[in-house]
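Here are my notes on the structure, written as numbered points to read alongside the model. I hope they help you find your way around.

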Number of protein chains: 2
Amino acid sequence: MLLKIDQERKTSLYIQLYKQLKRAIIENRLTANSKLPPIRVIADELEINPATVVKAYNLLEREELIYKKVGSGSYVSPPGKPYILRGSNRSVLIEDTDEELTSGINFASATPTPDLFPVVDFKKVINRVLDRDGGESFVYQKSQGYYPLRESIQIYLHELGIDQEVKRIQVVSGAQQAIDLLARTLVDFDDRVIVEEPTYSGALSAFLNRGAHISSFPLEHDGIDLDSLENFLMAEDVSLIYIMTSFQNPTGITWSREKKEGLLRLASRYNFLIIEDDCLSDLYYRGKRPISLKSYDLEDRVIYIKSFSKVFMPGLRMAFMVLPENLIPAIQAAKYTADISCSGLSQRAFDLYLREGFLNTHIEKMRELFKRRFQLMERKINSFPSGIKLAFRPGGGLYFWLTLPDDFNLEKFYLLALKKGVAFLPGRLFSIKDKELPCFRLSFAAVDENEIEEGMDLLNQLLCQI
Amino acid sequence: MLLKIDQERKTSLYIQLYKQLKRAIIENRLTANSKLPPIRVIADELEINPATVVKAYNLLEREELIYKKVGSGSYVSPPGKPYILRGSNRSVLIEDTDEELTSGINFASATPTPDLFPVVDFKKVINRVLDRDGGESFVYQKSQGYYPLRESIQIYLHELGIDQEVKRIQVVSGAQQAIDLLARTLVDFDDRVIVEEPTYSGALSAFLNRGAHISSFPLEHDGIDLDSLENFLMAEDVSLIYIMTSFQNPTGITWSREKKEGLLRLASRYNFLIIEDDCLSDLYYRGKRPISLKSYDLEDRVIYIKSFSKVFMPGLRMAFMVLPENLIPAIQAAKYTADISCSGLSQRAFDLYLREGFLNTHIEKMRELFKRRFQLMERKINSFPSGIKLAFRPGGGLYFWLTLPDDFNLEKFYLLALKKGVAFLPGRLFSIKDKELPCFRLSFAAVDENEIEEGMDLLNQLLCQI
């Protein structure tokens, strides 16, 4: 590899070096798992200070383009391979699009199987839209979304206790796009973003892509510890915090009202915005639907994201967000730059589906069905060997988060289970710290009750053996 | 406004200042067209060097968040308002999603009207897909796209003389998303990107969003002048160049074979990649279909983007790109971070539409129809008063680019025409240099022959009056 440094250029030396290495990795000229030259060697060759090389390597590591092995040096990260425990996943977790697991029992996938989709009803609304609107179904929509759909969403939100003007509602192609548009609007290189630990890796990717520093705070059963968060806020400038308040992915916890209100007080005191990602609040099995953080938000500091991928149809790519008033133009511009607008036909069909009340009926059906799976899986977990424990007792959602004894060999367990045809997701896929968490996530989105019986018994056997 | 600078922090002072001002603008605390404090005032207040303030202001100006008035100071840019000539458009041109122009004669829009969409055929394929695939139509697709669609695209490309493996084909939600994914993968803060002058503003937005320096090279009738490009390349590191080789937007020019080959030689010598954006090569009216740059690309340096928005249905959001082999994993990861994958139903329906040969039949129909409009509009332009000239004589596409005498009052002409119900796009919307180009673009995508007759006669009258 040929590295060049130009002392005359305005760009700092470590940025020049970082950019050349990054380009070589992105373009695959430095291949996965190959070792980078030692710092001293590069420094000598280019006649620069070793500290400059260290700074360049640190930047690459932060973007997960390289990883370090203690006592050995730095290596090029392989591109995303989430089902393999080794190496870095370069912050891309393709958990729901991987075909390797279409056979076997899939406790890894977080999305419902196609037999649960309301295809008949949806086909009806598509055809009604095509007959009603003809070619209009295929014109560009506004970047904010098809207006009647935004009105339907306003009514839907009203039923959830969230009252918002239509102008604040932005339609997006799934929650991932919402997070990404927010990241590109609100996060700049070197900004500090706070997340829950553990959390959803797709959000980490979007923030890392902007060059953010990410700090994570461990979850308790009712949210993160606000005292330690405040200590941090006193020392550091934070622009954004990303959380899931209801049946969090992967832990299943729900933020308490106290902590929700406490977080809003901190946001006011330390001047930051909060992204509230909600894809599961519809799936409550004990008591009532959790109340969103947005409902308590008097200072317009919460950006509320609602996705239907987990309770409806993921491949439709349909979600929305509620924006603080002052962010409306910036997010509209970001959506335009990203992909102009969402599919007109999908928006019109989803609008009709909402207006006709189909969605609520469907969600109730899904809640009943998932509740049975939830109860069955919880019972099965309770019969796991001692030491393998539920980290939290969720009140809804699609996940269970299990903790393991410290000396437990998670990788061995994971690979053995995969061999027997049972998949789940190991803890480190949900961590910003690139290390093996002694935890794993079980999801019951894509398995029926028979599969839960069979798969959980199999895991139980393996756990007893290890 | 409260500005704070912390001399102890690692972040440079000008970056701290830039970020606070940027956030205030994004969050609308600094409102559009309000004046920023003079450099000296901020420097005194914060006890910093005026040069530091200048650097922060320059960054803001590069991102089009503020604009300067000579002799008066710096002002906050208003958010995008493309149909108004004044102020900055903050690099967002909502040319095709603005409803203001749905009445009147629209020479501004670049997309066909809904009456031209093949709704009947497309409804057929949607229903066939729903009957055939049921719920599978709504599962997540792979980030690269639905495999059978990528196969159909391979066959479609083969007919165009481009032979590429399926693995290189990435499905995206429109050409804008393709450009944006490439920008976020290949362009870092401070990188140098080259574009044609004039060019498509959506591409400029995507590059500016990454903090790129953009340099533009004026177009000649057969592409940009390669000698001046090479002089530039000798002095500057360039990572990327963005061009439209066929019936360019807005000029209508087509790159000659000589210049295509010359550009590839330069790419090889100076080690850069080329984005070839093709949305109009199907609409050739004189001679044969232009040959793509990608067809001549032996070193895998061209990224080919093909969109169907202009010849098919824009609101379907369907396009693809052909990637150099080494970029495949990085772009796949970028697509995942951006929005996971494209709509499954749209991909499956479009696949069937391609397989059944519907697209080719439809495009031939569109070519005939647009050719008649093209010829009519060209005739009408030739009867414009002398001084108002076609800058180039296009061989196809949807646009004419007209130049005006230097002393011509374009703003007055533009507003008068709008008042009479005729819209077009003024030159500066296509320029990275935020100034009034003495040019404008006429498009015949959204107007029928009667409207062309009437609208062009009206413009002719106005031109004679001014």
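1. A word on naming before we start: helices and strands here are DSSP runs, numbered from the N terminus, with at least four residues for a helix and at least two for a strand. With that in hand, P250(B) can be placed in the loop between β8 (240-243) and α9 (257-270) of chain B. Please keep in mind throughout that this is a predicted model.

2. Overall build of chain A. The chain holds 14 helices and 16 strands. Its radius of gyration is 23 Å, and a compact globule of 466 residues would come out near 23 Å, so the value agrees with that expectation. Along the principal axes, the C-alpha trace of chain A spans about 70 × 55 × 45 Å.

3. Inside and outside. Of the 466 residues in chain A, 64% count as buried. The accessible surface of the chain is about 17500 Å², and carbon and sulfur atoms contribute 49% of it. Looking at contacts in chain A with a separation of 6 or more, 72% come from residues 24 or more positions apart.

4. Charges. Chain A carries 59 positive and 63 negative charges, and the mean positions of these two sets lie 2 Å apart. Over all chains, a search of the whole structure finds 68 salt bridges. The next three points look at some of them.

5. A pair within one helix. E261(A) and R257(A) form a salt bridge through their side chains, at 2.9 Å from N to O. Both residues belong to helix α9 (residues 257-270) of chain A, where they sit 4 residues apart, about one turn of the helix. How accessible is each partner? E261(A) counts as partly exposed because its relative accessibility is 29%, while R257(A), at 51%, counts as exposed.

6. A pair between two helices. The side chains of K380(A) and E453(A) also meet in a salt bridge, here at 3.0 Å from N to O. K380(A) is in helix α12 (residues 358-382) and E453(A) in helix α14 (residues 449-465) of chain A, so this pair ties together parts that are 73 residues apart in sequence. K380(A) counts as buried, with 16% relative accessibility; E453(A) counts as partly exposed, at 35%.

7. A buried pair, and a network. In chain B, D297(B) and K294(B) meet in a salt bridge of 3.0 Å, N to O, and both residues are buried. In chain A, salt bridges that share partners join E165(A), K167(A), R168(A), K294(A), D297(A), D300(A) and E325(A) into one network.

8. A tryptophan worth a look. W255(A) is placed in the loop between β8 (240-243) and α9 of chain A. Is this side of the loop buried or exposed at W255(A)? W255(A) counts as buried, because its relative accessibility is 2%. Leaving aside residues up to four places away in sequence, W255(A) touches a number of residues, including E196(A), L219(A), D222(A), I243(A), M244(A) and L263(A). For scale, the C-alpha atoms of W255(A) and V322(A) are 20 Å apart, with their positions 67 residues apart in sequence.

9. A glutamate that meets the other chain. E27(A) sits in the loop between α1 (13-26) and α2 (39-46) of chain A. Which residues does E27(A) touch, not counting those up to four places away in sequence? They are L273(B), N326(B) and L327(B). E27(A) is buried, with a relative accessible area of 7%. Its C-alpha atom is separated by 21 Å from that of L13(A), 14 residues away along the chain.

10. Cis peptide bonds. The bond from E197(B) to P198(B) is cis, with omega near 0°, and P198(B) lies in the loop between β5 (192-197) and α7 (201-209) of chain B. N249(B) and P250(B) are likewise joined by a cis peptide bond, with omega about 10°.

11. Positive phi values. F247(A) is not a glycine, yet its phi is positive, near 50°. F247(A) is found in the loop between β8 and α9 of chain A and counts as buried at 4% relative accessibility. R317(B), also not a glycine, has a positive phi of about 55°. R317(B) lies in the loop between β10 (302-307) and β11 (319-322) of chain B and is buried, with a relative accessible area of 4%.

Terms used: Residues numbered from 1 in each chain as written. Chains lettered and ligands numbered in written order. Predicted model: local features only at pLDDT ≥ 70, side-chain atom pairs only at ≥ 80, totals over all residues. Heavy atoms only, no water. Rg over C-alpha atoms; globule rule 2.2 N^0.38 Å. Buried < 20%, exposed > 50% of the residue type's maximum accessible area, 1.4 Å probe, protein only. Contact = heavy atoms within 4.5 Å. Areas by Shrake-Rupley, 256 points an atom, 1.4 Å probe, with all protein chains shown as cover. Lys, Arg positive; Asp, Glu negative; His and termini not counted. Charge placed at Lys NZ, Arg CZ, Asp CG, Glu CD. Salt bridge = Lys/Arg side-chain N within 4 Å of Asp/Glu carboxyl O.
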